[in-house]
Amino acid sequence: MSRVAVVTGGTRGIGAAISEALHKAGYKVAATYHGNDKAAAEFTAKTGIETFKFDVSNYEACQEGVTKIQAALGPIEVLINNAGITRDAFLHKMTPQHWRDVMSTNLDSVFNMSRLVVEGMRERNFGRIVTISSINGLAGQIGQTNYATAKAGMIGFTKALALEVASKGVTVNIVAPGYIDTEMVRAVAPEVLDKIVAKIPVKRLGKAEEIARVVLFLAADENAFATGATFSVNGGQYMA
Ligand code: CAA
């Protein structure tokens, strides 16, 4: 059986590693992206994974996107809510736009995509939803009142939805990565990033593949009992 999996923000960074891991494991994967056509084309050329372009922060765009994916690949059985952005600034410098952009891309997207696939999952008595949160949603972080709020919000959402669908063969979980070697983390000023890495007990950034491993584990059919849970993968930086 080859299940259909959607990875939002699935062409770059952690999302790309998740898309590739699912693809290698035999899933039919749809990787969504929003802006970067060049990265998406390169990703498909390299992996053979189909991409779908739409804005996950917009409900109507997600409706259209999900319809297209289902027409191309079949009913969505696995959803990986991965798409995310940062707009870091101290709160005393943060603009309402910084706040809204992060809340809509990182958190509204989780509602939008989950809402659109959950009915089918309930009907078919099978589904796996994994949402990528962050160490910073658990521990807080300077410059990230917006991001930490969105990432913490995902955890409440996941626990509530896990209860709703537990009797329907659907599991809903969180993976909370620490600092992973991606463009997003490399965008932090080197002197600030050095301070952060110095506090990671394993003394290095994580690899995107190290997150993908855990996502694959949670997406598996065999993972029918872990639900509503948060799995930290952070090199020991924060032990919740
Ligand atoms: N840890 C330790 N110290 C930090 C820090 C951090 N995360 N962030 C800022 N600081 C310190 C700075 O080193 C600086 O200290 P000094 O005055 O001693 O030099 C002080 O706070 C002020 O910082 P800036 O001079 O950089 O102030 P700014 O207004 O120009 O920028 C900022 C503020 C945008 C928050 C910037 O400091 C920054 O980008 N910090 C990193 C924030 C961060 O960790 N973001 C995570 C991005 S990756 C991600 O989000 C993925 C994930 O899920 C883990």
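Begin by selecting Lys-93 together with the ligand: in this predicted model, a polar side-chain atom of Lys-93 sits 2.8 Å from an oxygen atom of the ligand. Next, add Gln-141 to the selection, where an N or O atom of the side chain lies 2.8 Å from a nitrogen atom of the ligand. Then bring in Tyr-179, whose side chain places an N or O atom 2.9 Å from an oxygen atom of the ligand. With these three side chains on display, show the surface of the ligand, which taken alone exposes 980 Å², and of which the protein buries 66%.

Now widen the view to the whole shell around the ligand. Which residues come closest to the ligand? Of the 19 residues that surround the ligand, the closest are Asp-88, Ser-134, Gln-141, Tyr-147 and Lys-195. If you colour the shell by residue class, you should find 9 nonpolar, 7 polar and 3 charged residues.

To relate this shell to the fold, select helix H7, which spans 183–186, and helix H8, which spans 190–198, since each of these supplies at least two residues of the shell around the ligand. Keep H8 highlighted a little longer, for H8 gives the most to that shell, with 3 residues.

From here, turn to the packing of the helices, and select helix H4 (residues 96–124) with helix H6 (residues 145–165). Their axes come within 9 Å and cross at roughly 15 degrees; because an angle under 35 degrees counts as roughly parallel, H4 is roughly parallel to H6. Viewed as a pair, H4 and H6 make a right-handed crossing.

Move on to helix H1 (residues 13–24) and helix H2 (residues 37–47), whose axes come within 12 Å and cross at roughly 25 degrees. That angle makes H1 roughly parallel to H2, and the crossing of H1 and H2 is right-handed.

Finally, keep H1 selected and replace H2 with helix H9 (residues 208–219). How are H1 and H9 set against each other, and at what angle do they pack? Their axes are 8 Å apart, and the two helices pack at an angle of about 50 degrees, so H1 and H9 are oblique to each other. Here too the handedness can be checked by eye, as H1 passes H9 in a right-handed crossing.

Conventions
Residues are numbered from 1 along each chain as its sequence is written. This is a predicted model: local features need pLDDT of at least 70, side-chain atom pairs count only at pLDDT 80 or more; totals for chains, interfaces and linings use all residues. Side-chain values use heavy atoms; hydrogens and water are left out. A residue is near a molecule or strand if one of its heavy atoms lies within 4 Å of it. A polar contact is a pair of N or O atoms within 3.5 Å; within protein, one must be able to donate a hydrogen and the other to accept it, and residues adjacent in sequence count only if both atoms are side-chain atoms. Accessible areas come from the Shrake-Rupley method with a 1.4 Å probe; for residues, only the protein chains shown count as cover. Helices (H or I, at least four residues) and strands (E, at least two) are DSSP runs, numbered from the N terminus. Ala, Val, Leu, Ile, Met, Phe, Trp, Tyr, Cys and Pro count as nonpolar, Asp, Glu, Lys and Arg as charged, and the others, Gly among them, as polar. Axes are lines fitted to C-alpha atoms, for helices over the stretch in contact, and angles run from 0 to 180 degrees between N-to-C directions. Angles under 35 degrees count as roughly parallel, over 145 as roughly antiparallel, 65 to 115 as roughly perpendicular and the rest as oblique. A crossing is left-handed if the near helix is turned anticlockwise from the far one by less than a right angle, and right-handed if clockwise.
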